[in-house]
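The following exercises concern the fold and the local backbone geometry of a protein chain. Each task is followed by a solution in steps.

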Amino acid sequence: MVLGIESSCDETGAGIVSGGRLLAHVVASSMDEHARFGGVVPEIAARAHLQAFDPVVREALAQAGLGMRGIDAVAVTTGPGLSGALQVGLAGAKALAYAAGVPLYGVHHLAGHVAADTLEHGPLPDPCVVLIVSGGHTSLLLVRDLVRDPILHLGDTVEADAAGECFDKVARVFGLPYPGGPAIDRAARDGDPRAVAFPRPLSGSKDDPYTFSFSGLKTAAARWAERHRRRGEDIPLADGAASLQEAVADVLTRKALAACRRYDVRTLVVVGGVAANSRVRALAEERCAAAGVELRVPPLTLCTDNGAMIAAVGDLLVRAGADPAQLNVSIDPSAPLEYAALHPVSAPARAA
């Protein structure tokens, strides 16, 4: 029985997994508190985690019909993420593990997103191509054994803004609420995805075919909206949202399928918050079916940040016989994804 804790951003999550089976899944979000600022405020997020930690863990234990004595290991996100938010989750996880006398595992947040799919579809094929698309990350990976082998990065974003960040920033320009991804998706339902010829950045790069960039797309969408406003016209919101969504989905799925062909992989796994986007899912299904590639996407409830996905990694680490972390494990807010386990150690304190 592995208890997983997630607190990297604005969701406090607790989940319990045993032998690949999901037994509990509880999330408390502070998103409404951040919405009036148009994005996540780190201090607000950290305080929200402090308030939500105990209730979320208690509810997860209740869902599974367990007490802490029934837990065999604790897994917690140790990076990447917001420093203060990560510290809250790690401190709580350390306390639980120490009090229960069970091992503690530090988990890379993005590996959690990958493992989330196993809770719905079972073990990952070896190998598989994984497309991670979230608010802070867009990565194309070649994954073999998730907890035993190094994770090969085929491509990442070349700037700080990932696909989810693109949706958030363009949504603000369009006058839509935060978070931008769901708002863009809703606005696009009645729009024409071919109405605006938004660019497909880095779609033809031969030297780095799997790298992503959304800065040009954001600029194009902002200028398109500005042109309408200068002329005193209302923005054709549905068409703009649908066209933006189409551009993002096109680039993501095109590169992912190209990687499947290049590495002769027959399974594509799409995970992360943007995997909940209706057009990304639909276009991935369409292109995978045409290419004879199996598509695996977690349920919507497991796409966004949650403790179940961290518990899933912890469960895999326990079954693989991986060494747990020590209680001096620390956080790494900018940790690269190299392995699923993430056990950074805090530097020893210097004498005064």
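**Exercise 1. Locate D264 and describe its backbone.**

Step 1. D264 is found in the loop between α9 and β9, where helices (H or I, at least four residues) and strands (E, at least two) are DSSP runs, numbered from the N terminus.

Step 2. Its phi is positive, about 55 degrees, although D264 is not a glycine. Most residues other than glycine have a negative phi, and most peptide bonds are trans.

Step 3. The basis of these values should be noted: this is a predicted model, in which local features need pLDDT of at least 70, side-chain atom pairs count only at pLDDT 80 or more, and totals for chains, interfaces and linings use all residues. Residues are numbered from 1 along each chain as its sequence is written, and side-chain values use heavy atoms, with hydrogens and water left out.

**Exercise 2. Identify the loops that hold P127 and P179, and give the omega of the bond before each proline.**

Step 1. P127 is in the loop between α5 (118-121) and β6. D126 and P127 are joined by a cis peptide bond with omega of about 5 degrees.

Step 2. P179 lies in the loop between α6 and α7. The bond joining Y178 and P179 is also a cis peptide bond, with omega of about 0 degrees.

**Exercise 3. Determine how α6 and α7 are arranged, and which residues meet.**

Step 1. The axes of helix α6 (residues 163-174) and helix α7 (residues 180-187) come within 8 Å and cross at roughly 60 degrees. Axes are lines fitted to C-alpha atoms, for helices over the stretch in contact, and angles run from 0 to 180 degrees between N-to-C directions.

Step 2. This angle makes α6 oblique to α7; angles under 35 degrees count as roughly parallel, over 145 as roughly antiparallel, 65 to 115 as roughly perpendicular and the rest as oblique.

Step 3. The crossing of α6 past α7 is left-handed, that is, the near helix is turned anticlockwise from the far one by less than a right angle (clockwise would be right-handed).

Step 4. On the α6 side, F167, D168, A171 and F174 meet G180, G181 and I184 of α7, with contact meaning heavy atoms within 4.5 Å. These residues divide into four nonpolar, two polar and one charged. Here Ala, Val, Leu, Ile, Met, Phe, Trp, Tyr, Cys and Pro count as nonpolar, Asp, Glu, Lys and Arg as charged, and the others, Gly among them, as polar.

**Exercise 4. Describe how α6 is placed against α8.**

Step 1. The axes of α6 and helix α8 (residues 215-230) come within 10 Å and cross at roughly 5 degrees. The two helices are therefore roughly parallel to each other.

Step 2. C166, K169, V170, V173 and F174 in α6 meet residues of α8 that include L217, A221, W224 and R229. By class, this contact has nine nonpolar, no polar and three charged residues.

**Exercise 5. Give the strand order of the sheet that contains β10, and name the helix packed on it.**

Step 1. Five strands form an open sheet in the order β8-β7-β6-β9-β10, with mixed pairing; two strands pair if DSSP finds at least two bridges between them. Strands of a sheet pair through backbone hydrogen bonds, either parallel or antiparallel.

Step 2. The edge strands, each pairing on one side only, are β8 (152-156) and β10 (294-296). From one strand to the next, the twist averages 20 degrees.

Step 3. Strand β9 (residues 267-271) pairs with β10 in the parallel sense over three bridges. L295 in β10 is the bridge partner of L268.

Step 4. Helix α9 (residues 237-262) packs on this sheet and touches β6 (128-133), β7 (138-143), β8 and β9. The direction of α9 makes about 160 degrees with that of β6.

**Exercise 6. Analyse the sheet that contains β1 in the corresponding way.**

Step 1. Its five strands follow the order β3-β2-β1-β4-β5 in an open sheet of mixed pairing. The edges are β3 (21-29) and β5 (104-108).

Step 2. Strand β1 (residues 2-6) and strand β2 (residues 11-18) are antiparallel, paired over five bridges. L3 has I16 in β2 as its bridge partner.

Step 3. Helix α2 (residues 42-64) packs on the sheet, touching β1, β2 and β3.
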